[in-house]
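Here's a quick tour of a two-chain model for someone who'd rather be at the bench. Have a look at the picture, then read on.

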Amino acid sequence: MRALRAELLKLSGIPSAWVAVVVGLVVPFAVAALNAGARSAGRAAGGSDPTGVDAGFQELAFGVIGVVVLGVAAASSEYFAEGGDSAGGRQITASLTAVPSRVRFLAAKAGALVLAAAALAVLSTAATLTVSRVVPGEFAAPLTSADAPRVLGVVAYWVLTALLAHGLTLLTRGGVVPLVVLILNTSVVSVTYLLTRVTPLANYLPDLAGARMFVRTFRSSVEIPPLAGGVVMAAWTLALFGVAAAVFLRRDA
Amino acid sequence: MTAAARLPRPGASGASGFSSHSGTSGPRVVAGTFRAEVLKLLTLPALYLTAAITWAVAPLLAVASVSAAAGEGNGPGPGTDPGLAPVGYAQAGFVVLGVLAAASEYRGGQIRTTLTCVPRRVEVQLAKAAALAVTALPVAVATAGSGVLAARAALAAHAPPYGAAGPVDAPGEVRAVAGAAAYLVLTALLSSAVATLTRGTIPAVTVLLGHHFVVGPYLAGRTALTAYLPGTAGLWPGGGTGAGEVLGAGGRWAVVTGWTVAALGVAIVSFRRRDA
C-alpha cells in the first residue's frame with residue numbers, strides 16, 4: 001500500500017505525465033467539439049449523419065494517446081532522466097533499494113498507472129461525451145442507459161492501452177520506440193488498419209479488437225462482439241505485460 | 001605533436017577559436033562549432049538506428065497506404081500522390097532524428113560541457129541547426145527517393161487514373177523527391193527546435209507526433225485552417241480538405257518553412273535567456 005502511494009507520488013512528479021493528462025483531456029474534447037459543430041451544421045442542412053451513434057466515442061478512440069504517454073513516461077522515467085538539472089541518474093536503482101521485491105514494485109507501479117489512467121479516462125469521457133451531445137443541441141443522438149457498457153468500454157480501452165504502453169516500455173527501457181509505434185498506430189490510417197487489408201486476422205490485434213467495445217460503425221468484414229473484443233485486448237495486454245514482467249524480474253536493473 | 005604543442009600560447013588571441021574575450025570573429029566560432037556538432041551527431045548510435053529504420057520501413061508503409069487508398073476507389077488525392085504519400089510515415093523518423101539530436105544535450109548535463117567549450121549561445125544553436133540539416137539531408141534524399149519509387153511501383157499495379165498512363169516524366173520525379181526530402185529536413189529542424197524548448201524527448205515526441213499523425217490529419221478533413229499548420233497538410237492544395245486550393249505552391253512552402261524558422265527562432269531566444 002505504501003509502495004502504491006509512493007508510485008502515485010512519483011507519477012505525479014513526472015512532467016511528461018502532466019503532458020499526458022493535458023493531451024488526454026484536450027485532444028478528444030476539442031476534436032469532438034469541432035466535429036459536433038460540423039455535424040449539427042450538416043444535419044441542419046438536411047445531410048445524413050452516419051457517425052451519429054459514434055459521436056464522441058470515435059474521438060475517445062484516439063484520445064487514448066494521453067494514456068499511451070502516461071504508460072510510457074511511468075516506465076521510461078525509471079531509466080533515464082533529462083532536463084537542465086539532470087545528471088543522468090537512473091532512478092530504478094533507488095526505487096529497487098526502497099522496494100527490494102521486484103514483484104511488489106511492479107505491482108505497485110502497474111496499480112498506480114491503472115488508477116491514474118482510469119481517472120483520466122473517466123474525466124475525458126465525461127467531458128467529450130458531454131460536448132458531443134450539447135453542441136449539436138436538438139440534433140444530438142441522446143445517451144441512454146444502453147450506452148453505459150460503451151462508457152465502461154472506453155475506460156477499459158484506455159486502462160488496457162496504458163498497460164500495453166507500460167509493458168512495451170519496460171522491455172525497451174527507452175520511451176521513444178513505444179511512443180512512435182503507438183502514436184503512429186493511433187493515426188487516422190493506422191498501421192493495424194493497413195494490415196487488415198492484407199489479412200482479416202489483423203482485426204484481432206489489440207487496438208482494433210479493443211475499440212469494438214465502444215465504436216459501433218466499423219469498415220471491416222469481420223464481426224467481433226464488444227465483449228469478445230474486450231477479452232481479446234485483455235489477453236494481448238496480459239500476455240505482453242507478462243513477458244515484460246518476466247524480463248523485468250530476471251534482468252539486471 | 002604533443003598535446004602541449006597544440007595548446008594556444010598565452011596571448012595568442014583567437015588561436016583556439018573558442019575564447020570569447022579575445023575578439024574571435026563570429027563566423028570562425030560557428031565554423032569550428034559546426035564541425036564539432038557534426039561530429040557529435042555522427043557519434044550518436046541512436047541516430048544511425050533511427051535513420052536505418054526510417055529508410056527501411058517508410059517505403060513499405062508508403063506502398064501499403066497507397067495501395068489501400070487506391071483500393072478504396074478514392075479519387076487521385078493526397079493519399080495516392082506518389083510524391084507525398086511516402087512522406088507521411090517517413091516524417092516520424094525525422095521527428096525522432098531532430099528530437100534526439102537536440103535532447104541528447106540534456107542527458108547527463110552535456111549541455112554544460114558544450115557551453116563551457118563555446119560560451120556563445122546563439123552561435124551554438126545556429127551550428128547545431130546547420131549540423132542537423134547537413135546530416136539529415138542524405139537520409140532524407142534516400143528515404144524520399146526510395147519512397148517515391150516504391151509508391152510509384154505500387155500505383156502502377158492499379159488501373160488508371162493511378163497506374164502510370166504515359167512515359168515516366170523524369171523532371172517531375174526529381175521534383176517530387178526534392179520536395180519530399182526538403183520537407184523531411186525541415187521536419188527534423190522543427191523537431192529539434194521543439195526538443196530544445198522541452199529539453200526532453202518524451203514531451204517533444206508526444207507533441208510533434210500527436211500533431212502530425214493524430215490531430216492534424218483528423219482536422220484536415222474538417223477545416224481549411226490546417227493549410228496554415230505545420231505538417232504534411234501544408235504540402236497539399238487546400239490543406240488536404242479537398243475543398244480546392246487555399247494556398248498556392250509558394251504559399252504552402254512559405255507556411256512549412258515559416259513554422260520551422262519561427263520555431264528555431266523561439267528556441268534560440270529561449271536558449272539564450274534560460275539557465276542551461
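Helix 4 (residues 85–103) of chain B has 19 residues and should span 27 Å at 1.5 Å a residue; its end C-alpha atoms sit 29 Å apart, which agrees. The expected span here is 1.5 Å times one less than the number of residues, and helices are DSSP runs (H or I, at least four residues), numbered from the N terminus, with strands being E runs of at least two. Helix 4 of chain B also bends by about 35° at B:Gln91; that bend is the angle between axes fitted to the seven residues ending there and the seven starting there. As for surroundings, 19 of the 19 residues of helix 4 of chain B are buried, so this helix is largely enclosed by the rest of the structure. Buried means under 20% relative accessible area, exposed means over 50%, and partly exposed is in between (1.4 Å probe, protein chains only).

A word on ground rules: this is a predicted model, where local features need pLDDT of at least 70 and side-chain atom pairs count only at pLDDT 80 or more, while totals for chains, interfaces and linings use all residues. Residues are numbered from 1 along each chain as its sequence is written, chains are lettered from A and ligands numbered from 1 in the order written, and side-chain values use heavy atoms, leaving out hydrogens and water.

Chain A has a helix 4 too, at residues 65–76. Its twelve residues reach 16 Å from first C-alpha to last, close to the 16 Å expected at 1.5 Å a residue. Helix 4 of chain A is mostly covered, with twelve of its twelve residues buried; among them are A:Ile65, A:Leu70 and A:Ser76.

Back in chain B, B:Thr50 belongs to helix 3 (residues 45–71). B:Thr50 counts as buried because its relative accessible area is 12%. What does B:Thr50 contact, leaving aside neighbours within four places in sequence? The partners are B:Gly93, B:Val96, B:Leu97 and B:Leu100, with contact meaning heavy atoms within 4.5 Å.

Two arginines have a positive phi although neither is a glycine: A:Arg173 at about 70° and B:Arg199 at about 60°. A:Arg173 is in the loop between helix 7 (148–172) and helix 8 (176–184) of chain A, and B:Arg199 is in the loop between helix 7 (170–198) and helix 8 (201–220) of chain B. A:Arg173 counts as buried at 18% relative accessibility, and B:Arg199 is buried at 8%.

UniProt's unreviewed entries list "transmembrane region" features in both chains, including residues 60–81 and 110–131 of chain A and residues 46–69 and 174–195 of chain B. Positions follow the numbering used here, feature names are shortened, and annotations may be inferred rather than shown by experiment. Here's how those spans look in the model:

| Span | Helix | Strand | End C-alpha distance |
|---|---|---|---|
| Chain A, 60–81 | 73% | 0% | 31 Å |
| Chain A, 110–131 | 100% | 0% | 31 Å |
| Chain B, 46–69 | 100% | 0% | 33 Å |
| Chain B, 174–195 | 100% | 0% | 32 Å |

Lastly, the interface. 38 residues of chain A are in contact with 34 residues of chain B. The area buried between the two chains is about 2,900 Å², with carbon and sulfur atoms giving 72%; buried area is the accessible area (1.4 Å probe) that two parts lose on being put together, summed over both. A:Glu82, A:Leu184 and A:Leu194 supply 18% of the area that chain A buries against chain B, more than any other three residues. The count of salt bridges between chain A and chain B is zero, a salt bridge being a side-chain nitrogen of Lys or Arg within 4 Å of a carboxyl oxygen of Asp or Glu.
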